[in-house]
Amino acid sequence: MEFDAVYAAEDIGSYNPSARNFVYKLAQLDRRGIGKVDILHTGQSMFHDHGPVDAHGLANCWIYRRHEKEGFGATVRPDEMPTYEFVFHGMADLVDAQKADLAA
């Protein structure tokens, strides 16, 4: 798999759920000709990942590792549950779905 870009907290100077992360990443990707419609944000935390993603209008995929457990584990429960377009129980499931989609 090839990534268009990888941006770490060390590059940006902040951590999720800071809006600064998404403003930075979207600006960097826009310079490369990659728009919001081309991005699928993938993450586990409803608070740290999906809440901010909703605020920035990005499509997102929830990696729901705790699907067999109650609660949010070590992450904060968001005030409002964010939306998501896809949900998988692990990254391997996401990869399998992508392979199946490409083979179709």
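Biologist: In which element does Ala 59 lie, and how is such an element recognised?

Modeller: Helices and strands are DSSP runs numbered from the N terminus, a helix being a run of H or I with at least four residues and a strand a run of E with at least two. By that rule, Ala 59 lies in strand E2. Please keep in mind that this is a predicted model, in which local features need pLDDT of at least 70 and side-chain atom pairs count only at pLDDT 80 or more, while totals for chains, interfaces and linings use all residues. Residues are numbered from 1 along each chain as its sequence is written, and side-chain values use heavy atoms, with hydrogens and water left out.

Biologist: Is Ala 59 buried, partly exposed or exposed?

Modeller: The idea is to look at the relative accessible area, found with a 1.4 Å probe on protein chains only: under 20% is buried, over 50% is exposed, and in between is partly exposed. Ala 59 has 28% relative accessibility, and therefore counts as partly exposed.

Biologist: Which residues is Ala 59 in contact with, leaving aside its neighbours within four places in sequence?

Modeller: A contact means that heavy atoms lie within 4.5 Å. With those neighbours set aside, Ala 59 is in contact with Ile 39, Leu 40, His 41, Val 53 and Glu 85. Distance along the chain and distance in space can also be set side by side: Ala 59 and Ala 27 are 32 residues apart along the chain, and their C-alpha atoms are separated by 17 Å.

Biologist: His 41 appears among those contacts, so where does His 41 lie, and is it buried or exposed?

Modeller: His 41 belongs to strand E1, which covers residues 40–43, and it counts as buried because its relative accessibility is 13%. Beyond the residues up to four places away in sequence, His 41 touches Phe 22, Asp 49, Val 53, Ala 59, Asn 60 and Cys 61.

Biologist: Which residues make up the largest nonpolar core?

Modeller: In soluble globular proteins, nonpolar side chains tend to be buried together. A nonpolar core is a set of buried Ala, Val, Leu, Ile, Met, Phe, Trp, Tyr and Cys residues that are joined through side-chain atoms within 4.5 Å. The largest one here has 7 residues, namely Phe 22, Leu 26, Leu 29, Ile 34, Ile 39, Val 53 and Leu 58. Helix H2 gives the most to this core, with 3 residues. Phe 22 has contacts of its own, including Asn 16, His 41, Asp 49 and Val 53.

Biologist: What lies over the face of Phe 22?

Modeller: A charge sits over a ring if NZ of Lys or CZ of Arg is within 6 Å of the ring centre and within 35 degrees of the ring normal. In this model Lys 25 lies over the face of Phe 22, at 4.6 Å from the ring centre.

Biologist: How many aromatic pairs does the structure hold, and how is a pair described?

Modeller: A pair of aromatic rings is described by the distance of the centres and the angle of the planes. Rings of Phe, Tyr and Trp (its six-membered ring) pair if their centres lie within 6.5 Å; planes under 30 degrees apart count as stacked, over 60 as edge-to-face, and the rest as tilted. The structure holds 3 aromatic pairs. For Trp 62 and Tyr 64 the centres are 4.1 Å apart and the planes stand at 25°, so this pair is stacked. Trp 62 is buried, with a relative accessible area of 9%, whereas Tyr 64 is partly exposed, at 24%. Ring pairs also link Trp 62, Tyr 64 and Tyr 84 into a cluster.

Biologist: Which peptide bond is cis?

Modeller: The bond from Asn 16 to Pro 17 is cis, with omega near 15°, and Pro 17 lies in the loop between helix H1 (9–12) and helix H2 (19–31).

Biologist: What is the mean pLDDT of the protein chain?

Modeller: The pLDDT is the predictor's confidence in each residue, from 0 to 100. Where it is low, the predicted coordinates should not be read in detail. The chain has a mean of 87, and 95% of its residues reach 70 or more. Among the elements, helix H3 (residues 46–55) has the lowest mean, 86, and strand E3 (residues 86–88) the highest, 94.

Biologist: How many helices and strands are there, and in what order do they run?

Modeller: The chain has 4 helices and 3 strands, and from the N terminus on they run α-α-β-α-β-β-α.
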